[in-house]
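I opened my notebook for a look around one strand and one acidic residue. Here is what I looked up, in the order I went.

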Amino acid sequence: MMSLTSGTMAGAGSFRCQSCGYMLTLTSLDALRDCPDCGGRDFVRASLFDAGPPVSDDHSGSGYHEHNEWMAQAREDLTMAGEYLLYDDGESTKAVALTREWTRIGRSLAADVRFDDPTVSRRHALVVRQADGVRVLDDRSLNGVFVNGERVEWRALKDGDQIVVGRYLLVFASVPLAPSESALDAPVETVS
């Protein structure tokens, strides 16, 4: 793939930062600028057939620590048991409780989790909640759905799984019942 490391006019299209995976969409007269996510300047032209954002084992970068910080804070704020989708929309951290059988993710106004971004399809993904677990399904999106760095058509989710939709990272969180909320710890009445 051609690396864009010199010049400022890249042409129209989508470009992916080699360092962090941030997607940048340019029109024909836009100048290629530094990555808004990591400040890098090494972009490649993005393709619908890319394997997605780069997965790195190096956890020393600031993006990794920022992700852990907002994730830890979001988990602390969850007071009710249940399943949630957590994401940072740039302004604040959002927690969407998964209470219905399905939750729609996309650019459409009908989406339950809406991202107004060209890297997200109108109907991008569905999170399906059933008795046997929670799954994410690709809803025929153009850019695909990635779980823990792997492109998937569908995948059962477990606590802490990272879901990438377009340029957005969502984290699946499962908050168990606290021991005091458990039916086993309920006081037992005795009849005399």
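**Strand S10 and its neighbours**

I began with S10 and strand S13 (residues 154–156), which run antiparallel and are joined by three bridges. Strands here are DSSP runs (E, at least two residues; helices are H or I, at least four), numbered from the N terminus, and two strands pair if DSSP finds at least two bridges between them. Across this pairing I found Val136 opposite Arg155 in S13.

A note to self on the source: this is a predicted model, where local features need pLDDT of at least 70, side-chain atom pairs count only at pLDDT 80 or more, and totals for chains, interfaces and linings use all residues. Residues are numbered from 1 along each chain as its sequence is written, and side-chain values use heavy atoms, with hydrogens and water left out.

Next I turned to strand S9 (residues 125–130), which runs antiparallel to S10 with six bridges. A hairpin of two residues links S9 to S10, and Val128 has Arg135 as its bridge partner in S10.

Then I looked up Asp138, which lies in S10 (residues 133–138). Is Asp138 buried, or is it exposed? I found Asp138 buried, meaning under 20% relative accessible area (exposed is over 50%, partly exposed in between; 1.4 Å probe, protein chains only). Asp138 has no salt bridge, and Arg151, the nearest side chain of opposite charge, is 4.6 Å away. A salt bridge needs a side-chain nitrogen of Lys or Arg within 4 Å of a carboxyl oxygen of Asp or Glu.

Notes:
Lys and Arg count as positive and Asp and Glu as negative; His and the chain ends are not counted.
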